[in-house]
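Please read this briefing alongside the sequence and the coordinates. It goes from the whole chain to helices and then to single residues.

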Amino acid sequence: MSFVVYIKMKTLKQTYLNNKFFFALFGVGICYVLAFFFPVMMWIANSLLVFVLLLTILDALILFQNKEGINAQRILPEKLSNGDENSVKIDVRNNYNFNINTKIIDEIPFQFQKRDFLIKKNIESGNHSLFEYILEPKERGEYSFGNLNIYVNSPIGLVSRRFAFQKDAKLPSYPSFIHLRKYELMALQNEFLLGGIKKIRKLGHTMEFEQIRDYVQGDDIRSINWKATSKTNRLMVNQFQDEKSQRIMMLIDKGRTMKMPFNGLSLLDYSINATMALSHIILKKGDRAGMMTFAKKTENKVAADNKSGQLKKISEALYNVQTDFFESDFGRLYQDTKYHLNQRSLVLLFTNFETLDALNRQMKYLRGIAKNHLLVVVFFKNSEVHKLLNTNPENMQEIYDEIIAEKFEFEKKLIIQELRKYGIYSIYTLPENLNIEVINKYLEIKARGIL
């Protein structure tokens, strides 16, 4: 670094010497070496040393002539969105009457493990510059920033002055919320981009009548209201709307199987982000969203509702949920679900079954939940296994790996078949596609009117 030497003087406690200063001293040193052979060089070396020292003092005085030489602030969002790219901005204003060179070192939270943060910029006198960088948190919780350090050089460039701003700023990281608006727009059109456009076809409608309106091209001819047509002498159709205020409950397993990481996020984090995205769509559709987590017992309960502030209530409940290493108690989950959900609901259970035996141990509890509710079990494809299935093996080891991957995949298909046998729906997806898959399933169930 160019500011490693610290001058321990009370008035210059934030002053650092730059590389230019050491290069100048190196030149003086060469002159002193030459003085052994050419005595006349001694006078030149002494003069040069005095000149460098005076110029250094002058440079320091120029930098300290203005107590507030620069103003800077770190512009943070209200909260970080977990697993997403979050923009952080730094605004720096030059109050000196000369141009300055700046080096910006922001002490970002230790969770990001970024130790090489450095921004260099020349800022003209009286102007300000706005810098931006991206943070992508992989954990929920609180993130603490250190100092915003800015090192300023005058045009002379022998000395740097350090300014420090906004020490110990704190910022919470919440379940993913940045893309909620995007999912809302896509849900209104009933379509999602997942390896191409996947469009949910409206298979029918509920019998909740909304209004009679004029026929427009593309309307279902089966909805024509012939009585109204005969009265008005033009084609009229009945318009229906999706049934509203249906209860959708999301159950999130936070046992040890959900600790498995993919692309920096655990399966629990993917499930929490999907719960946030789905809750937003549910509330926009006029239904009631609720959730709870479970492992050895059920926790973080939020009753299904569609009041204003419900999404915030869910976000607060999920803010600091952590995975534990216990075996999840599905028996306790069944009892609590039976007690808390006394009306038929759509229940999405986020968990992970790796084997058919693991499913069979919990099947009686899943069947108990499915008896009173429409149950959708959400579990995950292993992305590493998925990659092995899509490669062409070139040696014996790769052939063995592919065979093992096919065995794992076959086991997952057996799990889907076993669930279907008892009328339980399932979503089997890669973690990165989870948000889109669960929203699609919800819209499909709404479209079919099977809740």
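The points below describe a predicted model, grouped by topic.

The protein has 451 residues, of which 47% count as buried. Its secondary structure amounts to 11 helices and 24 strands.

**Overall character**

- Among contacts between residues at least 6 apart in sequence, 72% link residues at least 24 apart.
- The exposed surface of the protein comes to about 24,500 Å², and carbon and sulfur atoms supply 54% of that area.

**Annotated transmembrane regions and helix α2**

- An unreviewed UniProt entry places the feature "transmembrane region" at residues 21–38 and 44–64.
- In the model, residues 21–38 are 83% helix and 0% strand, with 25 Å between the end C-alpha atoms.
- Residues 44–64 are 100% helix and 0% strand, and their end C-alpha atoms are 30 Å apart.
- Helix α2 covers residues 40–64, a run of 25 residues. From its first C-alpha to its last, α2 reaches 37 Å, close to the 36 Å expected at 1.5 Å a residue.
- The buried residues of α2 are Met41, Ala45, Val52, Thr56, Asp59, Ala60 and Leu63.

**Helix α10 and its cover**

- Helix α10 takes in 26 residues, 396–421. At 1.5 Å a residue α10 should span 38 Å, and this agrees with the 38 Å between its end C-alpha atoms.
- Buried in α10 are Glu402, Ala405, Glu409, Glu411, Lys412, Ile415, Ile416, Glu418 and Leu419.
- The cover over these buried residues includes two helices, α8 (356–372) and α9 (383–389), and two strands, β23 (374–380) and β24 (425–429).
- Ile416, in helix α10, has a relative accessible area of 16% and is therefore buried, the cut-off being under 20%.
- Leaving aside residues up to four places away in sequence, Ile416 touches Phe379, Ser426 and Tyr428.
- Ile416 and Leu356 are separated by 60 residues in sequence, while their C-alpha atoms are 9.4 Å apart in space.
- Gly423, just after α10, has a positive phi of about 75 degrees.

**Packing of helices α5 and α6**

- Two packed helices are described by the angle between their axes and the distance between the axes.
- For α5 (residues 267–284) and α6 (residues 310–318), the axes come within 10 Å and cross at roughly 170 degrees. The pair is therefore roughly antiparallel.
- On the α5 side, the residues in contact are Ile272, Thr275, Met276, Ser279, His280 and Leu283. Their counterparts in α6 are Gln310, Leu311, Ile314, Ser315 and Leu318.

**Strand β21 and the loop before it**

- Ala295 lies in the loop between β20 (288–294) and β21. Its relative accessible area is 3%, so Ala295 is buried.
- Outside its neighbours within four places in sequence, Ala295 is in contact with Lys254, Gly255, Asp324, Glu327, Ser328 and Asp329.
- One of these contacts, Glu327, is 32 residues from Ala295 in sequence, and the two C-alpha atoms are 6.7 Å apart.
- Asn300 belongs to strand β21 and is partly exposed at 28% relative accessibility. Its phi is near 50 degrees, a positive value in a residue other than glycine.
- Ala303 is also in strand β21, which runs over residues 298–305. With a relative accessible area of 59%, Ala303 is exposed.
- Not counting residues up to four places away in sequence, Ala303 touches Ala289, Gly290 and Gln310.
- The C-alpha atoms of Ala303 and Lys313 are 9.9 Å apart, with the two residues 10 apart along the chain.

**The loop between α4 and β16**

- Asn233 sits in the loop between α4 (226–232) and β16 (236–240).
- Although not a glycine, Asn233 has a positive phi of about 65 degrees.
- Asn233 is exposed, with a relative accessible area of 72%.

How values were computed: Residues are numbered from 1 along each chain as its sequence is written. This is a predicted model: local features need pLDDT of at least 70, side-chain atom pairs count only at pLDDT 80 or more; totals for chains, interfaces and linings use all residues. Side-chain values use heavy atoms; hydrogens and water are left out. UniProt positions are given in the numbering used here, feature names are shortened, and annotations may be inferred rather than shown by experiment. Helices (H or I, at least four residues) and strands (E, at least two) are DSSP runs, numbered from the N terminus. The expected span of a helix is 1.5 Å times one less than its number of residues. Buried means under 20% relative accessible area, exposed over 50%, partly exposed in between (1.4 Å probe, protein chains only). Contact means heavy atoms within 4.5 Å. Accessible areas come from the Shrake-Rupley method with a 1.4 Å probe; for residues, only the protein chains shown count as cover. Axes are lines fitted to C-alpha atoms, for helices over the stretch in contact, and angles run from 0 to 180 degrees between N-to-C directions. Angles under 35 degrees count as roughly parallel, over 145 as roughly antiparallel, 65 to 115 as roughly perpendicular and the rest as oblique.
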